[in-house]
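Here are some exercises to work through with the model open beside you. Try each task yourself before you read the solution.

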Amino acid sequence: MSKPLRWFAPKRIGWGIRPIHPMGYVVLVVSIVGFASGLNLILLGSSLFHGSILILFSIVFFAFASYLTLGK
């Protein structure tokens with residue numbers, strides 16, 4: 001049986017996780033861009049609702065992707 005694909009792993013020093021695969025870095029960058037875009041929508045007064053949804057979606061997306069691909 002093949003080993004599961006690991007995109008994230010625990011940090012060697014400190015607390016948290018870190019990307020160890022290129023797709024982990026893609027997930028991280030997409031989440032940061034989504035969070036920053038949502039924050040930009042909120043701070044510019046464009047749309048509180050859409051900004052909040054975008055921030056929430058980016059956090060849930062990162063948490064879900066890191067949980068499913070976390071190597072222990």
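Let's begin with a yardstick: a residue is buried under 20% relative accessible area, exposed over 50%, and partly exposed in between, using a 1.4 Å probe and protein chains only. You're looking at a predicted model, where local features need pLDDT of at least 70, side-chain atom pairs count only at pLDDT 80 or more, and totals for chains, interfaces and linings use all residues. Residues are numbered from 1 along each chain as its sequence is written, and side-chain values use heavy atoms, with hydrogens and water left out.

**Exercise 1. Find the aromatic pairs and describe each one.**

Step 1. A pair of aromatic rings is described by the distance of the centres and the angle of the planes. Rings of Phe, Tyr and Trp (its six-membered ring) pair if their centres lie within 6.5 Å; planes under 30 degrees apart count as stacked, over 60 as edge-to-face and the rest as tilted.

Step 2. Go through the rings and you end up with two aromatic pairs. Phe8 and Phe62 sit 5.6 Å apart, centre to centre, with 85 degrees between the planes, which makes the pair edge-to-face.

Step 3. Now place those two rings. Phe8 belongs to strand β1 and Phe62 to helix α2 (residues 48-68), so the pair links parts 54 residues apart in sequence. Helices (H or I, at least four residues) and strands (E, at least two) are DSSP runs, numbered from the N terminus. Phe8 is buried because its relative accessibility is 1%, whereas Phe62 is partly exposed at 23%.

Step 4. The other pair is Phe57 with Phe61, and it's stacked: 6.3 Å centre to centre, 15 degrees between the planes. These two are four residues apart in helix α2, so about one helical turn separates them. Phe57 is exposed at 55%, while Phe61, at 33%, is partly exposed.

**Exercise 2. Work out how α1 and α2 run relative to each other.**

Step 1. Two packed helices are described by the angle between their axes and the distance between the axes. Axes are lines fitted to C-alpha atoms, for helices over the stretch in contact, and angles run from 0 to 180 degrees between N-to-C directions.

Step 2. Here the axes of α1 (residues 22-43) and α2 come within 7 Å and cross at roughly 165 degrees. That angle is why α1 counts as roughly antiparallel to α2. The cut-offs are under 35 degrees for roughly parallel, over 145 for roughly antiparallel, 65 to 115 for roughly perpendicular, and oblique for the rest.

Step 3. Look at which residues touch, with contact meaning heavy atoms within 4.5 Å. The α1 side includes Val27, Phe35 and Ser37, and the α2 side includes Gly51, Phe61 and Phe62. By class, the contact has 14 nonpolar, eight polar and no charged residues. Ala, Val, Leu, Ile, Met, Phe, Trp, Tyr, Cys and Pro count as nonpolar, Asp, Glu, Lys and Arg as charged, and the others, Gly among them, as polar.

Step 4. Zoom in on Ser37, which is found in α1 and is partly exposed at 34%. Ser37 and Gly51 are 14 residues apart in sequence and 7.3 Å apart in space, C-alpha to C-alpha.

**Exercise 3. Compare distance in sequence with distance in space for Ile20 and Leu70, then for Gly14 and Asn40.**

Step 1. Ile20 is in the loop between β2 and α1 and is partly exposed at 33%. Ile20 and Leu70 are 50 residues apart in sequence and 9.7 Å apart in space, C-alpha to C-alpha. Leaving aside neighbours within four places in sequence, Ile20 is in contact with Arg6, Trp7, Phe8 and Ala9.

Step 2. Gly14 lies in the loop between β1 (8-10) and β2 (17-19) and is exposed at 62%. Asn40, in helix α1, is partly exposed at 42%. Gly14 and Asn40 are 26 residues apart in sequence and 30 Å apart in space, C-alpha to C-alpha.
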